[in-house]
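Visitor: I should like to learn how to read the features of a structural model. May we go through one together?

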Amino acid sequence: MPGKLNDKVALVTGGSSGMGLATAELFVEEGALVYITGRRQEPLDAATARVGPQLRGVVGDASNLGDIDRVFTTIRSESGRLDVLFASAGVGNLTDPLAEVTPESFDQMFGLNVRGTLFTAQKAAELMTSGGSIILNGSAAAEKAIPGSSVYAASKAALKAWNSYSYGQGQSSAETSI
């Protein structure tokens with residue numbers, strides 16, 4: 001029985017564990033060929049061994065623009081297109097009081113959660129088919145921050161602010177899950 005994503009090509013960033021891996025598994029169950037990214041080869045290998053040949057792991061740090069380019073070069077050369085992006089890669093520190101935030105911790109969080117997600121979505125749009133979907137995985141922290149999470153909450157609020165994208169002749173919608 002064909003699934004909702006039969007014959008579709010999807011990318012899930014941060015897909016080697018947690019919510020990203022669960023999403024990738026669901027996409028495969030629905031019929032998609034799914035690429036996942038993660039920073040380390042071992043978790044990617046474990047995920048692909050568990051899920052099967054419809055899941056392909058590509059090592060890449062979503063905050064590194066060179067890695068983002070390499071991921072999309074791989075997808076372009078192997079599949080030629082992209083139908084779904086689920087941008088799930090992210091980092092969060094929920095214990096740093098405002099007085100303890102450093103430029104390095106700020107740059108790490110915004111580099112992955114905001115900058116990396118933006119440039120991943122931009123690259124995805126170049127390969128996106130008509131009617132494709134860009135889904136930015138957010139957090140309830142965008143609505144209600146807890147003490148020690150101000151930078152994380154701000155990074156997730158940035159994702160929430162991106163409601164829709166228009167790319168030249170085609171349209172791709174960005175949805176924020178909270």
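**Salt bridges, helix packing and empty space**

Guide: A search of the whole of this predicted model finds 5 salt bridges. One of them joins Arg 56 to Glu 78, with 3.5 Å between the closest N and O atoms.

Visitor: Which elements hold Arg 56 and Glu 78?

Guide: Arg 56 belongs to strand β3 (residues 55-59) and Glu 78 to helix α3 (residues 65-78), so the salt bridge ties together parts that are 22 residues apart in sequence.

Visitor: How should one read the packing of two helices?

Guide: In general, two packed helices are described by the distance between their axes and the angle between them. Here, helix α4 (residues 103-127) and helix α5 (residues 150-161) have axes that come within 9 Å and cross at roughly 10°. The two helices, α4 and α5, are therefore roughly parallel to each other.

Visitor: Which residues of α4 and α5 meet?

Guide: From α4 the residues are Phe 106, Met 109, Phe 110, Asn 113, Val 114 and Thr 117, and they meet Val 151, Tyr 152, Ala 154, Ser 155, Lys 156, Ala 158 and Leu 159 of α5. By class, this contact of α4 with α5 has 9 nonpolar, 3 polar and 1 charged residues.

Visitor: How is empty space located?

Guide: Rolling a probe the size of a water molecule over the atoms shows where empty space is left. In this model, the largest pocket holds about 460 Å³ of space. Its lining has 23 residues, of which Gly 14, Ser 17, Ser 88, Ala 89 and Gly 90 are the closest to the centre of the pocket. The elements α1 (18-29), β2 (33-38) and α5 each give two or more residues to this lining. By class, the lining of the largest pocket has 7 nonpolar, 12 polar and 4 charged residues.

Visitor: How many cavities of 30 Å³ or more does the search find?

Guide: The search finds 2. The largest cavity contains about 70 Å³ of space. Residues that line this cavity include Asn 93, Asp 96, Phe 106, Met 109, Val 151 and Tyr 152, and α4 and α5 each supply at least two residues of the lining. Phe 106, Met 109, Val 151 and Tyr 152 are also among the residues through which α4 and α5 meet.

Visitor: What lines the second largest cavity?

Guide: This cavity, with about 60 Å³ of space, has a lining that includes Leu 11, Thr 13, Asp 61, Asp 67, Phe 72 and Thr 120. Both β1 (9-13) and α3 give two or more residues to the lining, and the largest share, 4 residues, comes from α3.

Technical notes
Residues are numbered from 1 along each chain as its sequence is written. This is a predicted model: local features need pLDDT of at least 70, side-chain atom pairs count only at pLDDT 80 or more; totals for chains, interfaces and linings use all residues. Side-chain values use heavy atoms; hydrogens and water are left out. Axes are lines fitted to C-alpha atoms, for helices over the stretch in contact, and angles run from 0 to 180 degrees between N-to-C directions. Angles under 35 degrees count as roughly parallel, over 145 as roughly antiparallel, 65 to 115 as roughly perpendicular and the rest as oblique. Contact means heavy atoms within 4.5 Å. Ala, Val, Leu, Ile, Met, Phe, Trp, Tyr, Cys and Pro count as nonpolar, Asp, Glu, Lys and Arg as charged, and the others, Gly among them, as polar. On a 1 Å grid over the protein atoms alone, a cavity is a set of points where a 1.4 Å probe fits but cannot get out, and a pocket is an open set with protein on both sides within 12 Å along at least five of seven lines; lining residues have an atom within 4 Å of a point. Grid points are joined across faces, edges and corners, and a volume is the space filled by probe spheres set on the points. A salt bridge is a side-chain nitrogen of Lys or Arg within 4 Å of a carboxyl oxygen of Asp or Glu.
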